[in-house]
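Welcome, and please bring the model up in your viewer. We will go from stop to stop, selecting as we go.

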Amino acid sequence: MDKLKKVLSGQDTEDRGGLSEVVEATSLSSGTRIKGFIACFAVGILCSLLGTLLLWVPRKGLYLFAVFYTFGNIASLGSHLSNFIPAEDMLNLSFGACTVFLMGPMTQLKRMFEPTRLIATIMVLLCFALTLCSAFWWHNKGLALIFCILQSLALTWYSLSYIPFARDAVKKCFTVCLA
């Protein structure tokens with residue numbers, strides 16, 4: 001009854017539930033978010049570069065390349081500082097999961113699965129899984145290399161979805177070039 005009186009009289013402005021306390025306790029400061037982004041960015045670049053260098057190792061090189069290249073791209077998956085930065089080339093591709101630190105995991109997931117980029121997101125995740133399957137379970141170097149190439153293409157198409165009208169421009173360019 002006292003609680004009802006406080007709410008009706010305006011004395012109790014906000015009742016802090018257990019969930020709000022947990023969210024507040026686990027939220028990161030802006031400095032920590034930037035540090036996490038930079039660390040994730042560095043790990044993504046390192047994995048991608050290491051994968052490229054390991055490509056030339058005899059016998060197991062292609063498997064190591066597929067694994068490290070995939071982990072580098074996973075570290076780069078959502079990393080678009082804003083809606084205007086595409087992930088092209090290896091350096092930009094290693095932004096990835098880093099934006100989880102900048103915008104939070106739920107916002108990141110919501111943006112990834114928006115209708116405009118749903119198919120691209122599914123293709124990227126599928127290519128990640130198929131690359132690792134071809135390296136670990138199927139032991140097929142050719143498939144691993146094909147799926148790594150498809151990863152890059154899928155990530156580029158996914159990244160273009162963050163730039164207004166970029167996909168339309170790419171489609172039009174290919175239509176003109178192929179016609």
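**A tour of the helices**

Start by selecting residues 144-165: the end C-alpha atoms lie 32 Å apart, and the span is 77% helix and 0% strand. Helices here are DSSP runs of H or I with at least four residues, strands are E runs of at least two, and both are numbered from the N terminus.

A word on what is loaded: this is a predicted model, in which local features need pLDDT of at least 70 and side-chain atom pairs count only at pLDDT 80 or more, while totals for chains, interfaces and linings use all residues. Residues are numbered from 1 along each chain as its sequence is written, and side-chain values use heavy atoms, with hydrogens and water left out.

**The whole chain**

Now show everything as a cartoon. The protein chain has 10 helices and 0 strands, so reading from the N terminus gives α-α-α-α-α-α-α-α-α-α. Colour by accessibility next: of the 179 residues, 33% count as buried, meaning under 20% relative accessible area, with exposed over 50% and partly exposed in between (1.4 Å probe, protein chains only). Contact means heavy atoms within 4.5 Å. Among contacts with a separation of 6 or more, 57% join residues 24 or more positions apart.

**The annotated spans**

Select 36-56, 63-84, 118-138 and 144-165, which an unreviewed UniProt entry lists as "transmembrane region". UniProt positions follow the numbering used here, feature names are shortened, and annotations may be inferred rather than shown by experiment. Pick out 118-138: this span is 90% helix and 0% strand, with 28 Å between its end C-alpha atoms.

**Helix 3 and helix 4**

Go to Thr32, in helix 3 (residues 30-54). Is Thr32 buried, partly exposed or exposed? Its relative accessibility is 37%, so Thr32 counts as partly exposed. Draw a distance from Thr32 to Leu102: they are 70 residues apart along the chain, and their C-alpha atoms are separated by 9.3 Å.

Add helix 4 (residues 61-76), whose axis comes within 7 Å of that of helix 3 and crosses it at roughly 160 degrees. Because of that angle, helix 3 is roughly antiparallel to helix 4. Axes are lines fitted to C-alpha atoms, for helices over the stretch in contact, and angles run from 0 to 180 degrees between N-to-C directions. Under 35 degrees counts as roughly parallel, over 145 as roughly antiparallel, 65 to 115 as roughly perpendicular and the rest as oblique.

Show side chains at this contact: residues of helix 3 including Cys40, Gly44 and Cys47 meet residues of helix 4 including Phe65, Phe68 and Phe71. By class, this contact of helix 3 with helix 4 has 10 nonpolar, 7 polar and no charged residues. Nonpolar covers Ala, Val, Leu, Ile, Met, Phe, Trp, Tyr, Cys and Pro; charged covers Asp, Glu, Lys and Arg; the others, Gly among them, are polar.

**Helix 4 and helix 9**

Keep helix 4 and add helix 9 (residues 141-160): their axes come within 9 Å and cross at roughly 20 degrees. That angle is why helix 4 is roughly parallel to helix 9. Leu62, Tyr63 and Phe65 are among the helix 4 residues in this contact, and Lys141, Gly142 and Ala144 among those of helix 9. The contact of helix 4 with helix 9 divides into 9 nonpolar, 6 polar and 1 charged.

**Last stop: Val170**

Finish at Val170, in helix 10 (residues 166-178). Beyond its neighbours within four places in sequence, which residues does Val170 contact? They are Trp157 and Leu160.
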